[in-house]
Amino acid sequence: MGLKQLIQKCSKNDTKAQAELYQLFSGKLFSVCLKYCNNYAEAEDNLQDAFVTIFNKISQYKHKGSFEGWLKRITINTALQRYRNQGVFEIIDDTNIEDVEVTVEDDDVTLEYLLQIIQELPDRYRLVFNLYVLDGYSHKNIADMLDITIGTSKSNLARARKILKDKIEDYKTSLNTHTL
């Protein structure tokens, strides 16, 4: 069954088509959830909620642009809604924001370690970092999505980068002291 036909069947609440769509995309969308959630269980809850929304709104998909992109946007918005409701963002003055660049050499740190330290960031920093760096959203888009100011988005990104830079430097220092 083609994707267009699968979408049409899902819009008619065909449970077999919904199960097939879930099988096709749940892995990729679960990865998205993991980026935006504190833990595995929360990611599972968000994936479930995202698919409820997807099945409720699938008839609104107009077959323009990437279907996978449409699914991803719904999944990200589902995860972010939880944080918007919790009010994890503080509004700050953006006049003195110093951006920090984080650079990682191929052999400096493992991918697992990078993912771990990104996951350990405070919610407000992790969400902005993921949206900006990993998913390519602009600060304006992030501000709109999270109901914060552009300055808050920029500040949270700068703070996330600073934390990550410090952790990477500490990690490299600890590796060098162990190898000496």
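How far apart are the end C-alpha atoms of helix α6, and what should its 12 residues span at 1.5 Å a residue? Select residues 123-134 in this predicted model. The expected span is 16 Å and the end C-alpha atoms lie 15 Å apart, which agrees.

Stay on α6 and colour its buried residues: Asp123, Tyr125, Arg126, Leu127, Val128, Phe129, Asn130 and Leu131. Then step just past the helix to Gly136, where phi is positive, at about 75°.

Next, add helix α7, residues 139-146. The axes of α6 and α7 come within 10 Å and cross at roughly 140°. Angles over 145 degrees would count as roughly antiparallel, so this pair is oblique. The crossing is right-handed. For the contact, show Val128, Leu131 and Tyr132 on the α6 side, and His139, Ile142, Met145 and Leu146 on the α7 side. Of these contact residues, six are nonpolar, one is polar and none is charged.

Now move to helix α2 (residues 15-36) and helix α3 (residues 40-57). Their axes come within 9 Å, crossing at roughly 135°, and the two helices are therefore oblique to each other. This crossing is right-handed.

Display the side chains where α2 and α3 meet. From α2, select Gln18, Leu21, Tyr22, Phe25, Ser26, Leu29, Phe30, Cys33, Leu34 and Tyr36. Their partners in α3 are Tyr40, Glu42, Ala43, Glu44, Asn46, Leu47, Phe51, Ile54 and Phe55. Colouring this contact by residue class gives 14 nonpolar, three polar and two charged residues.

Methods. Residues are numbered from 1 along each chain as its sequence is written. This is a predicted model: local features need pLDDT of at least 70, side-chain atom pairs count only at pLDDT 80 or more; totals for chains, interfaces and linings use all residues. Side-chain values use heavy atoms; hydrogens and water are left out. Helices (H or I, at least four residues) and strands (E, at least two) are DSSP runs, numbered from the N terminus. The expected span of a helix is 1.5 Å times one less than its number of residues. Buried means under 20% relative accessible area, exposed over 50%, partly exposed in between (1.4 Å probe, protein chains only). Axes are lines fitted to C-alpha atoms, for helices over the stretch in contact, and angles run from 0 to 180 degrees between N-to-C directions. Angles under 35 degrees count as roughly parallel, over 145 as roughly antiparallel, 65 to 115 as roughly perpendicular and the rest as oblique. A crossing is left-handed if the near helix is turned anticlockwise from the far one by less than a right angle, and right-handed if clockwise. Contact means heavy atoms within 4.5 Å. Ala, Val, Leu, Ile, Met, Phe, Trp, Tyr, Cys and Pro count as nonpolar, Asp, Glu, Lys and Arg as charged, and the others, Gly among them, as polar.
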